[in-house]
Amino acid sequence: MAQHKNNISAQFNPGEHTIDVSQELTYVNTTTDTLNHIILNDWNNAYSDKTTPMAKRFTDEFIKAFHLAKDADRGNTTLYNFTDQNGLSLNWHRPEDHPDLVFLQLKNPIYPGKSFKITFNYRVKLPRNRFTRFGYDAKTEAYHLRDWYLTPARYENGFVSNSNENLDDIANAAADYNFTISVPDNYSLYCDLDGSTKQGNTYTFTGKSRMGFTLDAEKVKTTQVHKLPGAIIYNSIADDRVSDIEQAIIIDRVANFTAERLGKYPYEKILVSQADYERSPVYGLNQLPAFIRPFPDNFIFEIKFLKTYLKAYLRNTLKLDPRDDNWVYNFIETSIIINYIRDYHPNEKVTGNLGNWGILQGHHLFNIKQEDQFQYLYLFMSRKNLDQPIGNPKNSFIKFNLQIASAYKAAQGYKYLDDYVGNDAVNKAMKEFFLQNQNVSATNRNDFELALQQNTNKDISWFFNYIIDSRKVIDYKIGPVKKDRDSVTVTLKNVSGTPVPVSLYGVKKKEVVFKQWINAFENDTTLTLPRQSADRLALNYNKEMPEFNPRNNQRSLKGYFLNRRPYKFTFFLDLEDPDYNQIYYVPAFAYNLYDGLSPGLRLNNKSYIEKPFVFDVSGLYSPKTGQATGSASFMYNQYIREGSLYNVRYNLQGNTYHYAPDARYYRIMPSIQLRIRPDDYRVNQKEFLTLRQVIVQRDPSAYINTQDQNENYSVFNVRYNFTKSDIAHTNSFSTDVQLAGIFGKLSGEYQYRHLFDDNRQVNLRFFGGLFMYRDTSSEFFSFGLDRPSDYLFDYNFYGRSETTGLFSQQYVMADGGFKSMFDTRYANQWMTTVNGSFNIWNWIELYGDAGLMKNKYSGTKFLYDSGVRLNLVTDYFELYFPIQSSNGFEPSIGNYSQKIRFVVTLSPGTLISLFTRKWF
């Protein structure tokens, strides 16, 4: 089998974080096409500026580090020359939008079966490892390097022209390597190419039919060398709490188990690094604080090593396109993890021993075994309607699907297919496919699918059509049941219409008495089968299938209430348990000036995974008034799986609190919200259309002026919101129409944010609003210049009726958006304003507002203000200090402390959204 030959001679310069390279490439045309050019991968150049595809992905995921990094911290590749075997210079360029590829034009065409040589020289400037974990660590002076050199791109009906998007999915052509590198005396070097000779400070490594190689260089030695019969393992996943002997036993066990499942590792060395683990951690283990240790120390090390070892093992051996065939890697990797856990940790819970801690004992979450965790995180995304076909290219996934959900669905897919096919056929197919990869220069998903199909006589086309290449959900339920002493007749309903096999169980006292696979069907099907003393029928009882709604899977064969589930009251929050109707109770607190700190109890049926119908009821006691307050909401989610309109929410809300010391309000709000998204889930764009009727009743108050018109009223409201954002830009637009008996209003708002390369940020907001008609003398419904009256009770004002004192200084960005307070604070005809801010250092900003407002019986008025904003946590904690405005120089006017405005949000949801936006 002819292979490309890559001879690389390198000089490592750690002081400059550079590598100087001289390279000779012998390119063999193994295709049936005549080649006039070749493509070389130069993925290190993806670090060269802030406009590369990798930089764009960082921006999309709200990761600031790369955008704000100094040029010295980013990497690049400086290319000097390309010369063919005749000594002639070759023309080259970087394709548009692909700065990490090199298009090399050949002097003469290369025909199938022929080869040619080129030589080239270049300098690699290595990046800081804080961006991707690849590059140099400034603290330890260690280097973890992969894909830093030039090598031919994979050819498959043309060159695979993938750019580096920090996905670890380079599509290199297989090649033979001869790699020589000179390093300073004080560095230890580790490479997963075969062989290793050293002369002085120069190391030489070789490799046959390799997709690439990894290189680690350490000034302070942390890597351990484990010499096993099959291979030498370089391991830098350290754990001081696990002895060297225990680590050696675990490493030997993982290596042997993997070899048994797939086959002997075909190369001499494998490198398992801490950097690789940090790029793809075991989620759950890495999220817990250090003082909580629910797992044995050796188990933590074992699972971390297992996952990282498998990734390196498959990356080095499978000759797939890692981007387009990513699901195959996930399928094989997770299948081995599942079987490893079954063999060595069958009773280990996904949360370790946390379930033994007091009040946590009754929670379903803390009783799930490690093997059963995979279905839930896939279900987490499918219920959000954010799941994606796992057969899609790797770069099309949103972050949560990329790092968690797609692999977990692949794991569930393995369990499903393995159980359905039986006879260990799936494991045999994987072993055959692994062997096939050792004997060819390239494979693809078709080869893997063929290996699966050849190991069974069952039709498994449904698996590829609906589990791999579709986001159609699976949902079966048990319909009518007729029973007698010896048999049972049952109708099965395919709720979702996705035709895949389903498992039917007979269960007696939680023990399976029979199991039968029912072949795929689209319409209802009825069958009769022996009862075999079963007292219950259950679909998908052992959770083989990735099912959307497992709550309709069981029917009792005893008594009259065949589908009754008991109610279970659980403290705080839990994972959905299909055997129960779960209701959660949580201590609740609310605060405003008039009710005080109000304690109470909250009841809801929310779980970690979304569900179609959700209720949430809070009953509170107001200590200041001695009365009950609280809120309630009832929401139904309609999930739409195809098209831009992906969710419709039907909601009924009600709440009552005090808006003055002696008066409360009641609000009832039925609403419908349509949620729209683009076809590309990675685009951070959202559109909402909300229709609601806001019905308000306010008690009369002796503390503030109320009139008949503003005590009881009903407003029909239509809102449209559009937002598109990334780390550097945000564009949002909204319109608002309000119609009531005594007024009609129309308003619009546009916001723009831009983050500059020097971490300076500018924020601009434009607002305009006008009355279409108005038949009231009250200013209660007017546009607010510096503070809305909030007659729809949308904002969390702590002292909404205060006109003096601290609570009157609470600021909400709405209507005019001014910070200074003026004599004329409302507009009853029209208002238009512009608000802007610019940070001068970190969270210290300068702000300015300007606007025009018009009231009946008075002329148009122009107003402005300016000052300093301390933007400590955006929308959560901010302070505004007015300086100059239409009032004059604010600090000199007097009572300056009463002019300072503040934003304080007690809702944790605001902070949570700052983190979840990186994942969804």
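**Figure 1. The charged end of R698 sits over the ring of Y659.** In this predicted model, the charged end of R698 lies 4.7 Å from the centre of the Y659 ring. R698 also has its charged end over a second ring, that of F780, with a distance of 4.2 Å to the ring centre.

**Figure 2. Y636 and Y650 form a tilted aromatic pair.** The pair shown here comes from a search of the whole structure, which finds 72 aromatic pairs. The ring centres of Y636 and Y650 are 6.4 Å apart and their planes stand at 35°, so the pair is classed as tilted. Tilted pairs are those with planes neither under 30 degrees nor over 60 degrees apart. Distant parts of the chain are linked by this pair: Y636 belongs to strand β30 (residues 627–639) and Y650 to strand β31 (residues 645–660), with the two positions 14 residues apart. Y636 has 42% relative accessibility and therefore counts as partly exposed. Y650, at 33% relative accessibility, likewise counts as partly exposed.

**Figure 3. Buried residues of helix α11 pack against α6, α8 and α10.** Helix α11 spans residues 461–468, and its buried residues are W462, F463, F464, I467 and I468. The elements against which these buried residues pack are α6 (326–344), α8 (399–421) and α10 (445–454).

**Figure 4. An aromatic cluster includes W462, F463 and F464.** These residues are among the buried residues of α11. The other members of the cluster are W327, F331, Y414, Y416, Y420, F433, F448 and W517.

Conventions:
Residues numbered from 1 in each chain as written. Predicted model: local features only at pLDDT ≥ 70, side-chain atom pairs only at ≥ 80, totals over all residues. Heavy atoms only, no water. Buried < 20%, exposed > 50% of the residue type's maximum accessible area, 1.4 Å probe, protein only. Helix = DSSP H or I, 4+ residues; strand = E, 2+ residues; numbered from the N terminus. Contact = heavy atoms within 4.5 Å. Phe/Tyr/Trp six-rings, centres within 6.5 Å; stacked < 30°, edge-to-face > 60°. Lys NZ or Arg CZ within 6 Å of the ring centre and 35° of its normal.
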